Amino acid sequence: FDGTASYSEVRSVLFQGLADQVSVFPNPLRTGDLLNIRTKDGGTYTLDLYTADGEQVGTYPVSGDAAIRLPKLPAGVYGYLIRSADYRSGGVLVVE
């Protein structure tokens, strides 16, 4: 190694299909508020909600953009999975 360095030109790279198809908000969610689901393709999805211990709290159908009134959940951290025949995405939902 002779101690010299060289750099290549900067290139932009666009990854198709990696942008999330579904957004879930608000997060954190206050107990009793509506959980909003927005989809880029208006498709049909299922939202599965789990406690931090992995116990399933509920399953909710989602079609296009939706607002879901969840049951009165105790404050805490919950996991969610949004799925369809060809899509799966999970995340964390904080309930205050």
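**Exercise 1. Place T46 and list its contacts.**

T46 lies in strand β3. Strands here are DSSP runs of E, at least two residues long, numbered from the N terminus. The model is predicted: local features need pLDDT of at least 70, side-chain atom pairs need pLDDT 80 or more, and totals for chains, interfaces and linings use all residues. Residues are numbered from 1 along each chain as its sequence is written, and side-chain values use heavy atoms, without hydrogens or water.

Step 1. Classify T46. Buried means under 20% relative accessible area, exposed over 50%, and partly exposed in between (1.4 Å probe, protein chains only). T46 has 19% relative accessibility, so T46 counts as buried.

Step 2. Collect the neighbours. Contact means heavy atoms within 4.5 Å. Leaving out residues up to four places away in sequence, T46 touches T59, Y60, L81, I82 and R83.

**Exercise 2. Give the strand order of the open sheet and find its edges.**

Step 1. Apply the pairing rule. Two strands pair if DSSP finds at least two bridges between them. The open sheet has four strands in the order β4-β3-β6-β7, paired antiparallel.

Step 2. Find the edges. β4 (56–63) and β7 are the edge strands, each pairing on one side only.

Step 3. Get the turn. Neighbouring strands of this sheet are turned by 20° against each other on average, direction ignored. The axes are lines fitted to C-alpha atoms, and angles run from 0 to 180 degrees between N-to-C directions.

Step 4. Look at one pairing. β3 and β4 run antiparallel and are joined by seven bridges. Y45 has V62 as its bridge partner in β4.

**Exercise 3. Find the aromatic pair and classify its geometry.**

Step 1. State the rule. Rings of Phe, Tyr and Trp (its six-membered ring) pair if their centres lie within 6.5 Å; planes under 30 degrees apart are stacked, over 60 edge-to-face, and the rest tilted.

Step 2. Count. The rule gives one aromatic pair. Y45 and Y87 form this pair, with 5.7 Å centre to centre and 85° between the planes, which is edge-to-face.

Step 3. Locate both rings. The pair links distant parts of the chain: Y45 is in strand β3 (residues 44–51) and Y87 in strand β7 (residues 87–95), 42 residues apart.

Step 4. Check exposure. Y45 is buried because its relative accessibility is 3%. Y87, at 10%, is buried too.

**Exercise 4. Find the salt bridges and compare the settings of their partners.**

Step 1. State the rule. A salt bridge needs a side-chain nitrogen of Lys or Arg within 4 Å of a carboxyl oxygen of Asp or Glu. The whole structure holds two.

Step 2. Take R30 and D33. Their closest N and O atoms are 3.1 Å apart. R30 is exposed at 53% relative accessible area. D33 is partly exposed at 28%.

Step 3. Take D48 and R83. Their side chains meet at 2.6 Å, N to O. This pair links distant parts of the chain: D48 sits in strand β3, R83 in strand β6, 35 residues apart. D48 is buried at 2%. R83 is partly exposed at 29%.

**Exercise 5. Locate the cis peptide bonds.**

Step 1. Recall the background. Most peptide bonds are trans.

Step 2. List the cis cases. One joins F25 and P26, with omega about 0°. Another joins N27 and P28, with omega about 15°.

Step 3. Place the prolines. P26 is in the loop between β1 (22–25) and β2 (34–39). P28 is also found in the loop between β1 and β2.
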